[in-house]
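User: Could you take me through the buried inside of this protein, one piece at a time? I'm new to this, so please keep it relaxed and tell me what the words mean as you go.

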Amino acid sequence: MSSSSKPHYEADPAKVRYEKENNRWTFKPRDFNIIWGNDKRYWNLPEPQPDQPQSSRDDTLPAELVQVCWFEVTGRTGVVCITPGKYKIKFEVSKKQDAFGWNSPVYMIAKSGKKGRYSWKKIDVSTEVSTTDKKELPQDFEIEVRADTDDNTIYFGLYEVWSGKWKGGLKIHGATVEGPPPQP
C-alpha cells in the first residue's frame, strides 16, 4: 500500500481550471476523486507538482488504472456558480495494449446539485476506446441545470461497480464540463 493512510484519492475542487470566457471546466487526472487512487496496487496517478504555478504544470500524464473491481472516478465543478442551461460532459480516455475486463458497460452518471436528478449513459469501453488514440466519451452526454436550484455544483463520474469483475489498463487523461456561452 502507498504511504497514505487513506486508500481513496480525494481531489481539491478549488483547483479545477475554469475558463470564464467559455464557461468551461477542465479536469486533469489529479482533479478527480478516485476510489483506491492512493493505492499503487490499483492506480498510478501522476505525481503532484505543488511548487509550480498551475498554468505551467505538466498535466499531460494520465491516471493509469492497474486493476480494480470497483471502478469509480468522479469530479465536481468548483466554487464558480453555474448558470441555468445545458452542460456537456466528456471524459478523455485511452486503453493500454494489455487492458482487460472491459466487457461490462461503464456508466457516465451526472447530476446538478446534491439533490438533483441523475442522468446517465452506458458506454462500451471494449469497442469505443482504442489502444492507440485518446477518445472523448461519451460524445453526446448533457445534463440540464435548472434555475430553481440552490446548489451550484455539477457532480459527475464514470462507474463500473456492479459486475464485480476485475478490470485494468484504462488511462484517464481528463474531462471537461462545458455550459452555455456566458451572457455579454
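Analyst: Let's begin with a word we'll use a lot: two residues are in contact when they have heavy atoms within 4.5 Å of each other. Keep in mind too that this is a predicted model.

With that in hand, look at Ile 172. Setting aside neighbours within four places in sequence, Ile 172 is in contact with Pro 29, Phe 32, Trp 43, Pro 62, Ala 63, Phe 71, Phe 91, Glu 92, Val 93 and Leu 158. Ile 172 also belongs to the largest nonpolar core, a group of 38 residues, where Ile 172, Trp 43, Phe 71 and Phe 91 touch the most other members. Several strands each supply at least two residues of this core, among them S2 (24-27), S7 (85-100), S8 (106-112) and S13 (168-178).

Now pick out two partners of Ile 172, starting with Pro 29. You'll find Pro 29 in the loop between S2 and S3. Is Pro 29 buried or exposed? Pro 29 counts as buried, because its relative accessibility is 2% and the cut-off for buried is under 20%. For a sense of scale, the C-alpha atoms of Pro 29 and Pro 181 are 25 Å apart, with their positions 152 residues apart along the chain.

The other partner is Phe 91, which sits in strand S7. Phe 91 has a relative accessible area of 1%, so it is buried as well. Leaving out residues up to four places away in sequence, Phe 91 touches a long list that includes Phe 32, Val 73, Met 108, Leu 137, Phe 156, Leu 158 and Ile 172. From Phe 91 to Val 106 is 15 residues in sequence and 12 Å in space, C-alpha to C-alpha.

Follow that list to Leu 137, our next stop. Leu 137 is in strand S10, which covers residues 135-137. Leu 137 is buried because its relative accessible area is 4%. Not counting residues up to four places away in sequence, Leu 137 touches Lys 90, Phe 91, Val 93, Met 108, Ile 123, Glu 128 and Val 129. Its C-alpha atom is 9.9 Å from that of Asp 124, a residue 13 places away along the chain.

Leu 137 also brings us to some backbone geometry. Most residues other than glycine have a negative phi, and most peptide bonds are trans. The bond from Leu 137 to Pro 138, though, is cis, with omega near -20°. Pro 138 itself lies in the loop between S10 and S11.

Leu 137 has a part in one more feature, an empty space. Rolling a probe the size of a water molecule over the atoms shows where empty space is left. There is 1 cavity of 30 Å³ or more here, and the largest cavity holds about 30 Å³ of space. Which residues line the largest cavity? They are Val 93, Val 106, Ile 123, Val 125, Val 129, Leu 137, Leu 158 and Leu 170. By class, that lining has 8 nonpolar residues, with no polar and no charged ones.

Next, set that beside the largest pocket, which has a volume of about 430 Å³. Of the 19 residues lining this pocket, Ser 112, Gly 116, Arg 117, Glu 144 and Arg 146 are the closest to its centre. S8 and S11 are the elements that give two or more residues to the lining, and S11 gives the most, with 4 residues. This lining divides into 3 nonpolar, 5 polar and 11 charged residues.

Let's finish with two residues that have unusual backbone angles. Asn 23 is in the loop between strand S1 (17-19) and S2, and its phi is positive, about 50°, although it is not a glycine. Asn 23 is buried because its relative accessible area is 5%. A polar atom of its side chain lies 2.8 Å from the backbone oxygen of Pro 180. Leaving aside neighbours within four places in sequence, the contacts of Asn 23 include Tyr 18, Thr 83, Tyr 87, Val 177 and Pro 182.

Trp 36 is the other one, with a positive phi near 70° in a residue other than glycine. Trp 36 lies in the loop between strand S3 (33-34) and strand S4 (43-44). Trp 36 counts as partly exposed because its relative accessible area is 31%.

Technical notes
Residues are numbered from 1 along each chain as its sequence is written. This is a predicted model: local features need pLDDT of at least 70, side-chain atom pairs count only at pLDDT 80 or more; totals for chains, interfaces and linings use all residues. Side-chain values use heavy atoms; hydrogens and water are left out. Buried means under 20% relative accessible area, exposed over 50%, partly exposed in between (1.4 Å probe, protein chains only). A nonpolar core is a set of buried Ala, Val, Leu, Ile, Met, Phe, Trp, Tyr and Cys residues joined through side-chain atoms within 4.5 Å. On a 1 Å grid over the protein atoms alone, a cavity is a set of points where a 1.4 Å probe fits but cannot get out, and a pocket is an open set with protein on both sides within 12 Å along at least five of seven lines; lining residues have an atom within 4 Å of a point. Grid points are joined across faces, edges and corners, and a volume is the space filled by probe spheres set on the points. Ala, Val, Leu, Ile, Met, Phe, Trp, Tyr, Cys and Pro count as nonpolar, Asp, Glu, Lys and Arg as charged, and the others, Gly among them, as polar. A polar contact is a pair of N or O atoms within 3.5 Å; within protein, one must be able to donate a hydrogen and the other to accept it, and residues adjacent in sequence count only if both atoms are side-chain atoms.
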